[in-house]
Amino acid sequence: MCEHSDNIAQFRGVSIDYPLKKYTIRAVTDVTFSLRRGQITALVGESGSGKTTLASSLIRCISEPGRVAEGEISFYGRTADGKIAETRVDLLTDKEMRAFRWSKVSMVFQAAQSALNPVLTVREQFSETLDAHEPKHSKEEKEARFRALLEYVKLDAERVLASYPHELSGGMKQRVMIAFALLLDPELIILDEPTTALDVITQNYIFTLLKKINRERGISMLLMTHDISVVAKFADYMGVMYGGRLMEYGSVAEVFRHRYHPYTRGLIGATPSIIGDISDMKPIEGSPPDLLNLPEGCIFSPRCPQCRAICMTQEPPMREFADGGKGKCYFYREGEADVSR
Amino acid sequence: MCPDEQTPVQGAAPAAVPLMQLKNINMIFKKPGSFLADRSIHVLKDVSLDIGEREIVALVGESGCGKTTLGKIITGLYRPTSGEVYFNGERVSGTFDKKLSSYNQVQFIQQDSYAALNPVRTIYQSLYAPIKTHNRKWTRKQIDARIEELMELIGLQPSAQFLTKYPHQLSGGQRQRILMARAISLEPRLIVADEPVSMIDVSLRLSLLNLMKELNEKLGMSFVYISHDLSTTRYIARNGRVAVMYLGEIVEVGNIGDVIAKPRHPYTRALIQAVPVPDPEFQGNDELPLKSMQLGSLENRGDGCAFYERCLYAKDQCRQKIQAVRTDTAEVLCCNLENVPSTPVYDIRK
Amino acid sequence: MPEEKNFKTFCAALGRFLREEGDAFVRGLKKFFSNGKTIVGFSIILFFVLVAIFGPLIFPYDSNTDMANSYLAPSWLHPFGTDWLGRDVFRQVIAGTGSVLEIAFYSAIFTVVIGTVLGIVSGYLGGWVDKIIMAITNIFLSIPSFPIYLLLAAIVTISTPISLAVIISVWSWAGLCRSIRVQIMSLKERDFIQICTVMHMSKAHIIFKELMPNVFSYIAINFVMAMRNAIMASVGIMLVGLAAYDPTNWGAIINAARTKGLMNVKNIYILLYPLVCIIVFQIATLLLSNGLDETLNPRLKVL
């Protein structure tokens, strides 16, 4: 179990299907990777890359009619006596899942508006969730806990607890969501585009706050985003997703320094920045893959500037390396020894 | 940005008569408040801005800073509460203004490309109608040729594949290109683009911005680019000007390279520091130079500085009155500049 | 052979025509009939229409009284029996179908036209026009319709299906008008209408080309619903005997069966036939409108 103590969660060969009337869409295909304990791991990808679907599978919140078709999902949580035990998330019954969700893994959604119930005050929502999981608390205990949490995310607890969601600004709502995610003291928080609707100054505050939570409380985080600059600023490890596949995984510093994978390289080059030379920035040609009509071979091959003959016939294997980095490309870290076989 | 990229033509003051001139624009919305008095929301306060021929001007600010309202005043969708709008030296007033309508010289590209196209009409119908309306004598063949020309310009080929489709059958990037085709179809001289790439996939953003840049250079259209994102703004505006807005006021306006390299207004400094940079080795200080993250109120505005509550360098005098100051590179709405650091926030050249 | 060549070019042209022009039509039909409820509802209504057109030709109605054969039980000669004057009830019901459908159809047209036009004008123009139209609408909505039908029917001589349809639709457009107005008000704030203003498109273009197609499905559904309401109202008016212009109308048959049935119980089962017809027709319109709603309303669309 030694290697497992470093990881908080692990996906092994996970594929997720959306069976529709006429056809089945495979939103996530054969993804294997781990989330490091106490670290912030980011999943980067454009719309339709499957990052949200993959992360939601950890708390079985995949939107209907999505199903985990293949693979195993494990969570390595701490038990009451402080030991680490494996939980097979994909095998939990619905009842066990309800107990697991939020107490072990919680989530901050993209649209805080729709995640909060519009007809309940913040106090009522917090209290409802706490009662569902830990019914034994007294009223005073609960109140003290809510206040401590809201003050921790730098909100005026008195005012916010009595407010309805529509009375709060976008940035405040997102901080309420973060406090809500911390309510049951989880070990992992999933962050689904937590700042997409917010402006840069609020975004900066939110991420500073999240980083503080990560460092002070040791809570692991899984961040889903389309913005690679946020990853550079905030995350420790990153996975890059494209068309439902994990294209590259490694530490943020390594991935950005070497830019081994052509898609990652393209994505970084396509992101405008306020520093550097504008003429270095250029878009990735072509259009994102259609999941119903994927190209032969490597799914990035039609847009890849380094595409060779082999790329168009057979899907490349995941090349893994001793330092934990891996990439789905025939020429990923070419010349180095692949440890995967 | 490299200094040798800067051409003196565009960054400097625009030509004799600017294409569009906004003078002391105020916009006040009434909202039902208590039964005694309506609440008045002062969305724009004394905004003046010139937009030159062939120029790209960017409006940047947080949500709620009034940048979209200003864009709608420029397109004529809103009529300002007070202030004057001049187009080509002539005063214009708002929607259905004869002087603007006879030329259709200002067009608008909206943020949400799905909402901007009628869901029950095909792309062809959406492009055909405005051309027909403003060129009554054109035959169907002439209009078809014009549409073909537009489709080639925006790079959607073969055009037949797109024209027969409904908006929901196209991707976001393709729809945004259609919006551009529609905007340029009447050959305007100024296009207002409100966050045109914020809902587009990252890998496609630059190609859309390149297209806008190309239209600006090839067809000589001026652009007003509205965004909260300084990175894409820097990419599109290059040597153009940027106007940073805060609570309905323009707090700093100047050449975008200068503003990013040497921001002077305390708010601009915070804004630039907050922008994430796609490079883990290059990260600024997490703590922003701001007192609080709470945005001020748009109601009951006094004469003082709107940024007073959040400003680290504010003095008592800032609450009394506010005046714009010209520095060597920009015009800054702050009377206390000697107390604000003038060092660069980032070393832009890396 | 020149004829063969001509025929071939004709076929090719026809094929092209069908492909291009017919494509949209076929797609529309396919979409229309993709829903089971629509098919069932539409078939039943089609059946009633066919009965109304061809029924009287095959089973002509003889209005002559034949007192010797009154109150006959159903038989091969008189499948539904005969009434108190010895008239064949089966033929009465068939003859009445036409007038019931006419009332439903005209009434639905009046309702939809008045409701849609006023709703769009009120919602799009706003201001004092909106205030006046809404005031009138509210008056019509707040007065209960049925007593007014009775009152009107008592004052005005109702002798044709159209006059009855006018009376019914005068009190049924207001609800539709209100809901169309609300839809137009939300549509006109949408980006694609704003852009029309920026592009200085005419008001006529905005109303007929941009707004109308967006509420078309809603109008179609309401047309079917208006037919349903009109039949209910017309039968009601007939039932109380206030518009006895036609003794074959279903409502009139029920009325006769009820009033004469009081004197001779043997006759009372006659009211079952028109009642069953009405129920079947109502179910058909409900199915059709629900089916249309499911196919046309994007909010109800499931994958």
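These legends go with a set of close-up views of a predicted model.

**View 1. Chain C overall: helices and no strands.** Chain C has eleven helices and zero strands. Read it from the N terminus and you get α-α-α-α-α-α-α-α-α-α-α. Of the 303 residues in chain C, 36% are buried. Take the contacts in chain C between residues at least 6 apart in sequence, and 70% of them join residues at least 24 apart.

**View 2. How confident the predictor is about chain C.** The average pLDDT for chain C is 78, and 77% of the residues score at least 70. Helix by helix, the low end is helix H1 of chain C (residues 2-32), with the lowest mean pLDDT among the elements of the chain, 67. The high end is helix H7 of chain C (residues 173-188), with a mean of 89. For the model as a whole, the scores are ipTM 0.84 and pTM 0.81.

**View 3. Where chain C touches chain B.** Chain C puts 16 residues into this contact, and chain B puts in 21. Which helices of chain C each supply at least two residues of the side that touches chain B? They are helix H8 (191-198) and helix H9 (203-239) of chain C. H8(C) gives the most to that side, with six residues. Sort the residues of the side of chain C that touches chain B by type and you find six nonpolar, six polar and four charged.

**View 4. The open sheet in chain B.** Four strands of chain B line up in the order E2-E1-E4-E5, with antiparallel pairing. Strands of a sheet pair through backbone hydrogen bonds, either parallel or antiparallel. At the edges of this sheet sit strand E2 (39-51) and strand E5 (90-92) of chain B, each pairing on one side only. Going from one strand to the next, the twist averages 35°.

**View 5. Zooming in on strands E1 and E4 of chain B.** How many bridges join strand E1 of chain B to strand E4 of chain B? There are five, linking E1 (residues 20-31) to E4 (residues 82-87), and the two strands run antiparallel. To get your bearings here, look for B:Lys23, which stands opposite B:Glu84 in E4(B). In the sheet order E2-E1-E4-E5, this pair of strands sits between E2 and E5 of chain B.

How values were computed: Residues are numbered from 1 along each chain as its sequence is written. Chains are lettered from A and ligands numbered from 1 in the order in which they are written. This is a predicted model: local features need pLDDT of at least 70, side-chain atom pairs count only at pLDDT 80 or more; totals for chains, interfaces and linings use all residues. Two residues are in contact if their C-beta atoms, placed from the backbone, lie within 7 Å. Ala, Val, Leu, Ile, Met, Phe, Trp, Tyr, Cys and Pro count as nonpolar, Asp, Glu, Lys and Arg as charged, and the others, Gly among them, as polar. Two strands pair if DSSP finds at least two bridges between them. Axes are lines fitted to C-alpha atoms, for helices over the stretch in contact, and angles run from 0 to 180 degrees between N-to-C directions. A residue is buried if 20 or more other C-beta atoms lie within 10 Å of its own, exposed if 12 or fewer, and partly exposed in between; C-beta atoms are placed from the backbone. pLDDT is the predictor's confidence in each residue, from 0 to 100.
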